[in-house]
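Student: I would like a close look at one buried side chain and what surrounds it. Can you take me through it step by step?

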Amino acid sequence: MTRRAVVTGASSGIGEATARLLRARGWDVVGVARRASRLAALEAETGVIAHAADLTDADDVAALAGWLERTGGVDALVHVAGGARGSDRVEDGDPDDWRWMFEANILSSQRLVASLLPVLRAAADREGHADLLFVTSTAAQVAYPGGAGYNAAKAGEAMLVRALRQELNGEPLRVIEIAPGMVHTEEFTLNRLGGDRDAADKLYEGVEAPLKADDVADVIAYALDAPGHVNLDLVTVRPVAQSAQHLLARGPLKTR
């Protein structure tokens with residue numbers, strides 16, 4: 001039987017790239033995001049089923065779970081949606097930005113798990129296994145100046161994922177974490193910096209081949225298509241130019 005995945009954040013960036021790739025690999029895909037118009041365009045182009053929802057809204061998440069159950073269930077949750085707001089020092093941070101990051105990255109994950117686990121368990125009983133995959137960030141692993149709010153939010157999401165894997169021990173449910181480093185997408189940094197295009201472009205200036213959304217989507221698809229007994233607990237993926245969170249080469253890569 002064709003497996004079905006629900007991919008959050010499917011209106012742009014890594015989420016959209018993942019929805020496209022899984023669809024091309026033969027999956028049935030439900031794309032979830034707030035922007036209905038962008039989802040509709042994706043649906044028309046690829047056959048991804050559009051489902052508009054705000055994952056910070058408990059009613060929207062519950063409605064998504066009910067709709068999935070009524071329309072055939074789901075074999076994999078691919079939770080990409082999230083994001084960052086601001087790059088202030090701790091002393092200058094905007095509590096509203098921090099609150100949004102906690103809602104978008106941690107609480108949305110908890111809501112999705114609580115609402116979709118019954119549907120995923122049903123799929124595991126039927127197919128032998130089901131998957132919960134979360135895209136966190138290397139920001140969850142190493143703190144950096146100006147990143148505290150996002151560091152805390154992504155670290156919180158990563159801890160949720162790792163606790164969940166232990167809580168589901170003994171069930172045929174894979175819990176997978178993909179932690180990307182520098183990825184050049186159309187919106188992530190632009191949104192984080194309040195729409196400042198010059199500042200967003202400067203972040204990637206001189207970096208040879210930062211990751212693209214397609215690169216991360218390829219890792220996600222590999223994890224989902226691996227044999228059902230194989231769990232990729234944590235995959236950290238960076239561009240070659242970024243040897244560590246704080247160590248980024250600018251300029252051409254060349255041997256010494």
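**A lysine and its surroundings**

Tutor: Start with one pair: the side chains of Lys-154 and Asn-105 are joined by a polar contact of 3.1 Å. (A polar contact is an N or O pair within 3.5 Å, one able to donate a hydrogen and the other to accept it; sequence neighbours count only through side-chain atoms on both sides.) The model is predicted, so local features need pLDDT of at least 70 and side-chain atom pairs 80 or more, while totals for chains, interfaces and linings use all residues. Residues are numbered from 1 along each chain as its sequence is written, and side-chain values use heavy atoms, without hydrogens or water.

Lys-154 sits in helix α5. (Helices are DSSP runs of H or I with at least four residues, strands are E runs of at least two, and both are numbered from the N terminus.) Lys-154 counts as buried because its relative accessible area is 2%. (Buried is under 20%, exposed over 50%, partly exposed in between, with a 1.4 Å probe and protein chains only.) Set aside its neighbours within four places in sequence. Lys-154 is then in contact, meaning heavy atoms within 4.5 Å, with Asn-105, Val-135, Thr-136, Ser-137 and Ala-140.

Now compare Gln-110. Gln-110 lies in helix α4. Gln-110 is partly exposed because its relative accessibility is 42%. Val-135 is 25 residues from Gln-110 along the chain, and their C-alpha atoms are 14 Å apart.

Next, the empty space. The count comes to one cavity of 30 Å³ or more. Its volume is about 80 Å³. The lining has 15 residues, and those closest to the centre are Arg-85, Gly-86, Asp-88, Trp-98 and Met-101. Helices α4 (95–127) and α5 (148–167) each give two or more residues to that lining. (A cavity is a set of points on a 1 Å grid over the protein atoms alone where a 1.4 Å probe fits but cannot get out; lining residues have an atom within 4 Å of a point. Points are joined across faces, edges and corners, and volume is the space filled by probe spheres set on them.)

Finish with another helix, α1. In α1, Gly-13, Ile-14, Gly-15, Glu-16, Ala-17, Thr-18, Ala-19 and Leu-22 are buried. These buried residues pack against β1 (4–8), β2 (28–33), α2 (36–46), β4 (76–79), β6 (173–180) and α8 (213–225). After α1 comes Gly-26, with a positive phi near 100 degrees.

Definitions and conventions:
On a 1 Å grid over the protein atoms alone, a cavity is a set of points where a 1.4 Å probe fits but cannot get out, and a pocket is an open set with protein on both sides within 12 Å along at least five of seven lines; lining residues have an atom within 4 Å of a point.
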